[in-house]
Amino acid sequence: MKKIWFVGAGPGDPELLTLKGQRLISEADAILFAGSLVSEAAMSWAKESCEIQDSKGMTLEEITDWLISRAVDDAKVIRLQTGDPSLYGALVEMVQPLDKEGIAIEVVPGVTSAMASAAAAVETLTLPEVTQTVIFSRVEGRTPMPEGESLVELASHHCTLCLYLSITLLKKVKEDLLAAGWLEDSPIVVVYKASWPNEQQIIRGTIADIRDKCKAAKINSQAMIIASPTLGARNWTELKKSKLYDAGFTHRFRKSSE
Ligand code: SAH
C-alpha cells in the first residue's frame, strides 16, 4: 500500500517528539522536513539509508511531487512538520493531491510551539476566575484574516492569546490590543525558538515596550507571542485556587472534606 505519514516534529527539542514520531523516523525510507524550523537533530534516529531532504525553497507542488514519487508500495515516507501538523502547516493543501493519487495518509500530532513557549516561561494559559480560554491565532499580514477574526475582535474576550507568525507585526499587535481595551502595562511574553537547546530566548515586557525589547534582542522570526491576563501569576500573592484541589469541592475521585 502507498502511504505518507505527516508527523509533528514538535517545537525543536528532539526529545519533544512523540514516541510514535521517533519510531516512524527510525523506520523511514524517505523524510521531507520543513526547513529551518525542524531541528536536524530530530533526524538523528533515521536509518543510514534513509533519504532526507529539506523542503526549504520548494513550492507546494514540488513538495507533493516529491512525496508522491517516493511513496512506492510499502515504503515508509514521512513529511516532518514543525510543531503540530494541524496548525499553520498547509496540511490539507498537501493531502488533497495525495488523495487524488490514492495514497493513504496518517497524521501524528506534535507539541505545538504555543505549549512549548508556555512551558519555557513557566506560565499557565488558564487560571480560575482570570481566564479559562485560549485562542491560537495570528495577526493579519499577507494572509488576510477571515471576518470576525481580527485581533481587535479576538482580544475583546480578554482571554489568553497565542499568536503565531506575527513577530514582525508587533506594532499592529500593540495597536489592536489597546483598541480592544487592554492596558499599556499588560504583560506580554515572547519566546524565541522555544525548547531549542542553547537557542531559546524568553523576552518579557508589556504591550508598551515588548516591540523595543524584541528589536534590541534582534528577534524577528521563529517566535511565539503570548498575551494573557495570567502572565506572571507565579509571582502573585493572591490566587483563586483551582476547584479541583479545593478541600470543599467534591468530584469523581475525591469527597469534600468540609
Ligand atoms: N505547526 C507549527 C506552527 C507553524 S507556523 C506549530 O504547531 O508550532 C510557524 C510559526 O510557529 C512561527 O512563526 C512561530 O510563531 C511559531 N514557532 C514555531 N516553532 C517555534 C518555536 N520553537 N518557538 C517559538 N515559536 C515557534
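**Reading helix 4, the ligand shell and the charged pairs**

Biologist: Which residues are buried in helix 4 (residues 113-120), and how is that word to be read?

Modeller: In helix 4, the buried residues are Ala 114, Ala 116, Ser 117 and Ala 118. Buried means under 20% relative accessible area, exposed means over 50%, and partly exposed lies in between, with a 1.4 Å probe and protein chains only. Helices (H or I, at least four residues) and strands (E, at least two) are DSSP runs, numbered from the N terminus. This is a predicted model, in which local features need pLDDT of at least 70 and side-chain atom pairs count only at pLDDT 80 or more, while totals for chains, interfaces and linings use all residues. Residues are numbered from 1 along each chain as its sequence is written, and side-chain values use heavy atoms, with hydrogens and water left out.

Biologist: What covers the buried residues of helix 4?

Modeller: The cover includes strand 6 (134-138), strand 7 (160-164), strand 8 and strand 10 (223-227), where contact means heavy atoms within 4.5 Å.

Biologist: Where should I look for positive phi angles in residues other than glycine?

Modeller: Most residues other than glycine have a negative phi, and most peptide bonds are trans. Just after helix 4, Val 122 takes a positive phi of about 50 degrees. Lys 193 has a positive phi as well, near 50 degrees, and sits in the loop between strand 8 (187-192) and strand 9 (201-206). Ser 195 lies in the loop between strand 8 and strand 9, with a phi near 75 degrees. Lys 193 is buried because its relative accessible area is 11%, and Ser 195 counts as buried because its value is 15%.

Biologist: How many residues surround the ligand, and which are the closest?

Modeller: A residue is near a molecule or strand if one of its heavy atoms lies within 4 Å of it. Here 19 residues surround the ligand, the closest being Leu 87, Thr 112, Ser 113, Ala 194 and Ala 223. Helix 4 and strand 10 each supply at least two residues of this shell.

Biologist: Which backbone atoms lie by nitrogen or oxygen atoms of the ligand?

Modeller: A polar contact is a pair of N or O atoms within 3.5 Å; within protein, one must be able to donate a hydrogen and the other to accept it, and residues adjacent in sequence count only if both atoms are side-chain atoms. A backbone N or O atom of Thr 82 is 2.8 Å from a nitrogen atom of the ligand. A polar backbone atom of Asp 84 lies 2.9 Å from a ligand oxygen atom, and a backbone N or O atom of Leu 165 lies 3.0 Å from an oxygen atom of the ligand. Taken alone, the ligand exposes 540 Å², of which the protein buries 94%; such areas come from the Shrake-Rupley method with a 1.4 Å probe, and for residues only the protein chains shown count as cover.

Biologist: How many salt bridges does the whole structure hold, and what pairs make them?

Modeller: Side chains of opposite charge can pair when their charged atoms come close. A salt bridge is a side-chain nitrogen of Lys or Arg within 4 Å of a carboxyl oxygen of Asp or Glu. A search of the whole structure finds 12 of them. One joins the side chains of Lys 76 and Glu 27, at 2.7 Å from N to O. This pair links distant parts of the chain, 49 residues apart: Lys 76 is in the loop between helix 2 (60-70) and strand 4 (77-81), and Glu 27 is in helix 1 (residues 19-27).

Biologist: Where do Asp 176 and Lys 172 lie, and how far apart are they in sequence?

Modeller: An α-helix has 3.6 residues a turn, so residues three or four places apart point the same way. Asp 176 and Lys 172 both lie in helix 6 (residues 170-179), four residues apart, about one turn of the helix, and their side chains meet in a salt bridge of 3.0 Å, N to O. Asp 176 counts as buried because its relative accessibility is 7%, whereas Lys 172, at 31%, counts as partly exposed.

Biologist: Why does Cys 214 form no bond with Cys 162?

Modeller: A disulfide is a pair of cysteine sulfur atoms within 2.5 Å, and the structure holds zero disulfides. The sulfur of Cys 214 is 15 Å from the closest cysteine sulfur, that of Cys 162, and so is too far for a bond. Cys 214 counts as buried, at 2% relative accessibility.
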